[in-house]
Amino acid sequence: MLIKLMKHEFRATGRIMLPVYALLLVSCGGCTLFGRLLGRYPESTVLSVVQTVFATLFGVTTFGMLLLTLVLMVYRFYKNLMTDEGYLMFTLPVSVTQHIFSKAIIAVAMCFLSCLVAFLSILLLSHGINPAAFSFFDLAAVPYVLEGLLWLVLCAFAAVLFIYLCIALGHLAKKHRLLMAFVWYFVLSTAVQIIGMLVMMAGGNVVSESMARSIVLFWKSMGSGAVHFVVLILCLVSAAAAAICFAGTRYILTHKLNLE
């Protein structure tokens, strides 16, 4: 059932995002084409105006695509599970866990897809995709790239599930639930930042000069393994944050949900 939910979610999201991706690529292609023509005929006023129009369209579409991805992620979760549609969704033979995961997986996938489309468009607009640009890539860097991608995926899941948790907490209010979701987001994100700063300050006060010297020597002795260790710690922290947000969201949807 999780696969079916993901397919339905992808179709519903794709109906909105795929035309936006197409518009972005068209604006990128038009901007590149007329930019090159303007380079050959710099005195042409018509080419200058058309190139400016395409460049403006490209910038607006890029910003709108990234903003729409975020808005759509919030809208799909809130509309499907927190409004009257929730009566239908929760009558399906699907667990709350599957509902949350289907939304989160597609949301993360669309975020990465939007960033990828934006990156490729900017690359095409600036220099074009030249295979020679990747000739420097070393196979020894593959583990680092994979670990970095894993960390980014976990960070994306933690961010999406954090938003879902804030929406669920806001839904506990009797009135202005969507507004309260924004309030919860501000409060919790501020609290996380303050706790992080306090932990860093406390750690700096606890670590003495000799201990700091020992830590530096330890990192130097690990060599390249130090990078893998740091990325592993970051992955564990991101996974723990995602798990906490998921557990809180699941508890509210299971025990505290009120669709009235």
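## A walk from a salt-bridge network to the nonpolar core

Start by selecting Arg76 and Glu9: their side chains form a salt bridge, with N and O 3.0 Å apart. Keep in mind as you click around that this is a predicted model. Colour the helices and you'll see what this pair does: Arg76 belongs to helix H2 (residues 45-82) and Glu9 to helix H1 (residues 2-40), so the bridge ties together parts that are 67 residues apart in sequence.

Now turn on the surface. Are these two charged residues buried or exposed? Arg76 is buried, with a relative accessible area of 13%, and Glu9 is buried too, at 4%.

**Next stop: Lys103.** Stay on Glu9 and add Lys103 to the selection. Here is another salt bridge, with the closest N and O atoms 2.7 Å apart. Lys103 sits in helix H4 (residues 96-126) while Glu9 is in helix H1, so this pair ties together parts that are 94 residues apart in sequence. Lys103 is buried as well, with a relative accessible area of 2%. Show the three side chains together and you have a network of salt bridges linking Glu9, Arg76 and Lys103. How many salt bridges does the structure have? The count comes to two.

**Follow H1 along its length.** While Glu9 is still on screen, show H1 as a ribbon and go to Gly14. The helix bends there by about 45 degrees. Try a distance between the end C-alpha atoms of H1: they are 54 Å apart, and since 39 residues at 1.5 Å a residue should span 57 Å, the two values agree.

**Move on to Phe77.** Select Phe77 and show what surrounds it. Leaving out residues up to four places away in sequence, Phe77 touches Met82, Lys103, Tyr164, Ile167, Thr249 and Leu253. So the lysine from the salt-bridge network turns up here again, as one of the residues that Phe77 touches.

Add Tyr164 and look at the two rings. Are they stacked or edge-to-face? Their centres are 4.0 Å apart and their planes lie at 10 degrees, so the pair is stacked. It links distant parts of the chain, with Phe77 in helix H2 and Tyr164 in helix H5, 87 residues apart. Both Phe77 and Tyr164 are buried. If you like hunting for rings, the structure holds four aromatic pairs.

**Widen the view to the core.** Phe77 and Tyr164 are among the residues that touch the most other members of the largest nonpolar core, along with Ile100, Val160, Leu161 and Leu253. This core has 29 residues. H2, H4, helix H5 (142-170) and H8 each supply at least two of them. Which helix gives the largest share? That's H5, with 13 residues. For a side trip, there is a second, separate core of 13 residues, whose members include Met6, Leu24, Cys28 and Ala118.

**Last stop: Thr249.** Find Thr249 in helix H8 (residues 225-256). At 0% relative accessibility, Thr249 counts as buried. What is Thr249 in contact with, leaving aside neighbours within four places in sequence? Show Phe77, Ile100, Leu161, Tyr164, Leu165 and Ala168, and you have its contacts. The stacked pair is back in view: Thr249 contacts both Phe77 and Tyr164.

Notes. Residues numbered from 1 in each chain as written. Predicted model: local features only at pLDDT ≥ 70, side-chain atom pairs only at ≥ 80, totals over all residues. Heavy atoms only, no water. Salt bridge = Lys/Arg side-chain N within 4 Å of Asp/Glu carboxyl O. Helix = DSSP H or I, 4+ residues; strand = E, 2+ residues; numbered from the N terminus. Buried < 20%, exposed > 50% of the residue type's maximum accessible area, 1.4 Å probe, protein only. Contact = heavy atoms within 4.5 Å. Core = buried A, V, L, I, M, F, W, Y, C linked by side-chain atoms within 4.5 Å. Phe/Tyr/Trp six-rings, centres within 6.5 Å; stacked < 30°, edge-to-face > 60°. Expected span 1.5 Å × (residues − 1). Bend = angle between axes of the 7 residues up to and from the residue.
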